[in-house]
Amino acid sequence: MSASDLAPAESAGRLTCSVDELRTLFLFEKLTEEQLQWLCERGHVELIGPGTVYAEGAAATCFYVLLEGTVVMSRRVGADDIEVGRTSDRGVYSGAFTAYLGDRVPQVYNNSLRATVASRFFVLDADVFAELMHEWFPMAVHLLEGLFFGNKNAQAAIGQRERLLALGSLSAGLTHELNNPAAAAVRATAALRERVAGMRHKLGLIAGGKWDRTTLETLIQLQEEAAERVPKAVALSPLEASDREDAITDWLEDRGCSEGWMLAPTFVAAGLDVAWLDHVEAAVDPDTLEAALRWLNYTVDTELLMNEIEDSTTRISTLVGAAKQYSQLDRAPYQVVDVHELLDSTLLMLSGKMPSRIQVVKEYDRSVPSIPAYAAELNQVWTNLIDNAVSAMGESGVLTVRTGMDRDQVFVEFGDTGPGVPPEIRDRIFEPFFTTKPVGEGTGLGLDISWRIVVKKHHGDLSLTASPGDTRFRVLLPVTWQDDSEES
């Protein structure tokens with residue numbers, strides 16, 4: 001149940017304001033008699049029964065100071081209100097305490113306040129509180145404005161820097177990942193050109209030779225059979241491949257084929273063995289056997305090279321698709337998405353910068369529904385959490401990415417086998433600028449940004465459970481469309 005659904009507390013109306021009572025509050029103890037009288041004239045005392053005093057996200061119209069009673073402060077996380085404070089201390093204040101900043105910030109309540117028993121409050125209208133601050137404490141207002149907006153601007157600048165650093169790292173990784181298949185495709189294309197030139201030469205020799213029509217038809221049939229076997233070739237271990245190459249080399253040399261050791265690796269890579277060579281030998285005349293074998297070797301080598309080019313270009317296409325999915329450049333900011341597509345694109349984008357001894361395990365529940373989300377920003381969350389996990393594990397470990405349902409929300413969990421998070425800092429990890437990384441290696445905004453994206457923009461939750469060898473960040477996301485108009 002959200003704060004806006006709570007029934008408001010009933011008010012017993014305005015009560016008499018006492019200067020003597022205000023003087024006893026720590027908030028007002030340094031004010032003059034004239035100032036205290038001004039407060040009583042401009043403000044009022046109100047008795048409010050048990051219930052909601054104000055709700056998070058509503059227009060901030062009043063500044064409240066507790067005179068007597070007990071109040072609970074809460075923040076909305078997803079569909080729940082999470083208690084963040086409970087007090088009976090006189091003088092605690094809440095409400096429109098940023099009214100002095102005017103319309104430069106959204107003037108809404110950033111939490112919910114509830115009275116658990118009938119409670120008395122001293123209440124000032126927001127515009128009166130703003131007037132008080134500007135007239136009585138002009139220097140303090142300037143200092144507070146500088147602190148508020150300076151911190152906000154610094155956080156935005158460093159947040160942008162963090163995103164640029166992440167983008168640079170991803171770009172470097174993507175460039176590396178693209179370079180490998182691109183270079184492989186270039187090498188295979190150059191080799192293929194040589195093989196095709198060789199095949200043209202062999203074709204010329206065949207055309208000028210004494211092979212009859214039946215022999216040529218047999219050779220073409222063998223060529224088709226060899227080409228069909230290439231895609232079905234089973235990967236062999238290095239020892240198995242070496243043994244098979246030795247056997248084929250011996251077979252070729254026994255039949256007078258020169259440099260058979262050069263032909264053997266191609267036949268093995270294509271899945272051809274001695275039994276298949278026996279089949280070729282039975283189909284052609286002995287005096288044309290070597291020429292037929294070399295022609296067939298060109299055929300299978302060409303097929304292998306074309307497969308290599310296809311694999312390389314497919315890899316490039318997959319990486320480009322992942323980059324497009326990751327950036328979401330051609331899609332609406334807020335859309336219905338499959339979290340697994342987002343996770344896969346992020347993992348692919350980050351694969352180039354992961355140490356080779358880190359194993360990625362996917363435990364996806366494919367039955368979870370698609371969700372409405374800011375896809376590009378969720379990808380940023382995944383990036384931050386995966387990067388933290390990889391950094392924690394160092395050069396080796398297991399990164400486990402899980403998905404599933406937690407009641408009526410989708411969860412995405414990132415687990416790592418690193419040393420865990422010390423208990424003394426767990427309460428601080430989501431604070432802006434807090435980092436355990438050495439100076440220059442982290443801004444301390446990755447988790448803060450992630451928390452804001454998940455909680456503030458998606459009305460979800462981001463939590464941590466940690467022990468040595470089992471650290472888990474869990475993201476909860478609602479499956480229904482959320483109104484983000486109250487985002488602050």
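## Charges and salt bridges in a predicted model

Let's start with Arg294: its relative accessibility is 18%, under the 20% cut-off, so this arginine counts as buried. Keep in mind that what you're looking at is a predicted model. The protein chain has 488 residues, and 44% of them count as buried. Charged side chains are the main theme below, with 16 salt bridges counted.

**The overall picture**
- The protein chain holds 12 helices and 16 strands.
- Take the contacts between residues at least 6 apart in sequence: 76% of these join residues at least 24 apart.
- About 25200 Å² of the protein chain is exposed, and carbon and sulfur atoms supply 54% of that area.

**Arg294 and Glu290, within one helix**
- What does Arg294 pair up with? Its salt-bridge partner is Glu290, and the closest N and O atoms sit 3.1 Å apart.
- Both residues belong to helix 9 (residues 289–327), and because they are 4 residues apart there, about one helical turn separates them.
- Glu290 counts as partly exposed, at 27% relative accessibility, while Arg294 counts as buried.

**Arg120 and Glu21, strand to helix**
- Arg120 and Glu21 bring their side chains together in a salt bridge, at 2.5 Å from N to O.
- Arg120 is in strand 9 (residues 119–125) and Glu21 is in helix 1 (residues 19–23), so this pair ties together parts of the chain that are 99 residues apart in sequence.
- Are these two buried or exposed? Arg120 is buried, with a relative accessible area of 18%, and Glu21 is buried too, at 17%.

**Lys457 and Glu377, helix to helix**
- Lys457 makes a salt bridge with Glu377, where the closest N and O atoms are 2.9 Å apart.
- Here the link runs between distant parts of the chain: Lys457 is in helix 12 (residues 446–457), Glu377 is in helix 11 (residues 375–393), and their positions lie 80 residues apart in sequence.
- Lys457 has a relative accessible area of 15% and is buried, whereas Glu377 has 24% relative accessibility and counts as partly exposed.

**A salt-bridge network**
- Glu363, Arg402, Asp406, Arg407, Glu413, Asp470, Arg472 and Arg474 form one network, joined by salt bridges that share partners.

**A negative patch on the surface**
- Which residues make up the negative surface patch? They are Glu240, Asp243, Asp246, Asp250, Glu253 and Asp254.
- One of them, Glu253, lies in helix 6 (residues 238–254).
- Glu253 is partly exposed, with a relative accessible area of 47%.

Note on methods: Residues are numbered from 1 along each chain as its sequence is written. This is a predicted model: local features need pLDDT of at least 70, side-chain atom pairs count only at pLDDT 80 or more; totals for chains, interfaces and linings use all residues. Side-chain values use heavy atoms; hydrogens and water are left out. Helices (H or I, at least four residues) and strands (E, at least two) are DSSP runs, numbered from the N terminus. Buried means under 20% relative accessible area, exposed over 50%, partly exposed in between (1.4 Å probe, protein chains only). Contact means heavy atoms within 4.5 Å. Accessible areas come from the Shrake-Rupley method with a 1.4 Å probe; for residues, only the protein chains shown count as cover. Patches are made of residues with over 30% relative accessible area and no salt bridge: like charges are joined within 9 Å, nonpolar side chains (Val, Leu, Ile, Met, Phe, Trp, Tyr) within 5 Å. A salt bridge is a side-chain nitrogen of Lys or Arg within 4 Å of a carboxyl oxygen of Asp or Glu. Lys and Arg count as positive and Asp and Glu as negative; His and the chain ends are not counted. The place of a charge is taken as NZ of Lys, CZ of Arg, CG of Asp or CD of Glu.
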